[in-house]
Amino acid sequence: MVKRLLGTWSWASLAGILALAMFVLPASAQVAGQPVDGQLGMQAAVTPVAHSIHSFYDLVTYIIIAIALFVLGLMVYAMYAFSESRNPTPSRTTHNTLIEVIWTVLPIIILVIIAVPSFKLLHLQFSYPKPDLTIKATGHQWYWTHAYPDQGGFEFDTYMLDSDGLKERRAKGLDAPRNLAVDNEVVVPVNKVVHVLVTAGDVLHNWTIPSFGSKIDAVPGRLTATWFKAEKEGVYYGQCSELCGVNHAFMPIAVRVVDQATFDAWIEARKEDDEDKANAIIQKAALDLKSRNKVASAAD
Ligand SMILES: [Cu+2]
């Protein structure tokens, strides 16, 4: 009975580990800014922090796979070599100093190998290099307010687009992913350090952009912060990541990364409080980028 159970278990664990080895892919090689159907791994990284998160993730994944395979190997060996038929008189050994030292020291070494890049990453996430731009994001039930305190102090609300909004945007040839596209995107210049100060007006929310490796709680009455330096133009989506009520799933965040000239023009339009003009600038930039990407992929 025990033997049969052990046999079943080893097959199950073998299948599990094979599945793990096949499906746990390196974090890279995904689309940036939004999830795609059938996606495995994470969204592509476009900031220094996100690159570090991905390499750390890969390192830990390889260590996990190695440990799982090693333990499986030991188990299969023990089941084979010490089965009742092959080993009718079991050894009564209870201590082996060498093995005990190895199984104490080896995990310590593995933990140190994990801890060093982990602390480095933590330090990078909270290093806050000198900002070129500061944005303040305030979470509300269920939308975001984004303010630009060092650009004249204007602010606007960001709501998710409903199905009519999506249709309207797609009719203009723009991409508008469902449950992610918003009416007023956050706009930032490419290759600039952006600090995002985050707070909430009612309950806990969380400002998150996976491709930036940015994820920080929005706490009422407190100011938290994250930073990013986006290396590539485009639009990067994220969602509120702290359960905040019935419409928690419907308060996405969209950050549009544009060149400096487009950003300056957008800032001017926002300062004049001309929302239509500001959105027209962004939509033009989005269409330009789309056609540039098309040309680039056709050339490949
Ligand atoms: Cu939420």
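A residue is taken as buried here if 20 or more other C-beta atoms lie within 10 Å of its own, and by that criterion 26% of the 300 residues in the protein chain are buried. Please keep in mind throughout the tour that the model is predicted.

**The whole chain**

Start with the complete chain in a cartoon view, where the secondary structure comes to six helices and 10 strands. Of the contacts in the chain with a separation of 6 or more, 65% are between residues 24 or more positions apart.

**The helix pair**

Next, select residues 48–81, which form helix 2, together with residues 97–125, which form helix 3; the two pack with their axes 10 Å apart and at an angle of about 165°. Angles over 145 degrees count as roughly antiparallel, and helix 2 and helix 3 are therefore described in that way. Helix 2 passes helix 3 in a left-handed crossing. To see the contact itself, show the side chains that helix 2 contributes, namely Pro48, Val49, Ser52, Ile53, Phe56, Leu59, Val60 and Ile63, and, from helix 3, those of Ile110, Ile114, Pro117, Ser118, Leu121, Leu124 and Gln125. If you colour this contact by residue class, you will find 12 nonpolar residues, three polar ones and no charged ones.

**The three-stranded sheet**

Now move to the open sheet of three strands, whose order is 4-10-9 and whose pairing is mixed. Strand 4 (186–189) and strand 9 (234–238) each have a single partner strand and stand at the edges, so one side of each is left without a neighbour in the sheet. From one strand to the next, the twist averages 25°. Select strand 10, residues 253–258, along with strand 9, and you can follow five bridges between them in the antiparallel sense; at one position, Val235 has Arg256 of strand 10 as its bridge partner. Adding residues 260–271 to the selection brings in helix 5, which packs on the sheet, touches strand 4 and strand 10, and has a direction that makes about 135° with that of strand 4.

**Backbone details**

The next stops concern the backbone, and a general expectation helps in reading them: most residues other than glycine have a negative phi, and most peptide bonds are trans.

Centre the view on Gln141 and Trp142, which are joined by a cis peptide bond with omega at about -5°. Trp142 is found in the loop between strand 1 (133–140) and strand 2 (143–147).

Go then to Asn191, in the loop between strand 4 and strand 5 (194–200), where phi is positive at about 60° although the residue is not a glycine. Is Asn191 buried or partly exposed? With 14 other C-beta atoms within 10 Å, Asn191 is partly exposed.

Asp273, in the loop between helix 5 and helix 6 (275–299), is another residue other than glycine with a positive phi, here near 60°. Asp273 counts as exposed, with 11 C-beta neighbours inside 10 Å, the cut-off for that class being 12 or fewer.

**Helix 4 and the glycine after it**

Finish with residues 163–171, which make up helix 4: this helix is hardly covered, and the count of buried residues among its nine residues is zero. Gly173, which follows helix 4, has a positive phi near 85°.

Terms used
Residues numbered from 1 in each chain as written. Predicted model: local features only at pLDDT ≥ 70, side-chain atom pairs only at ≥ 80, totals over all residues. Helix = DSSP H or I, 4+ residues; strand = E, 2+ residues; numbered from the N terminus. Contact = placed C-beta atoms within 7 Å. Axes fitted to C-alpha atoms, helices over the stretch in contact; angles between N-to-C directions. Parallel < 35°, antiparallel > 145°, perpendicular 65-115°, else oblique. Left-handed = near helix turned anticlockwise from the far one by under 90°. Nonpolar A, V, L, I, M, F, W, Y, C, P; charged D, E, K, R; others polar. Pairing = 2+ DSSP bridges.
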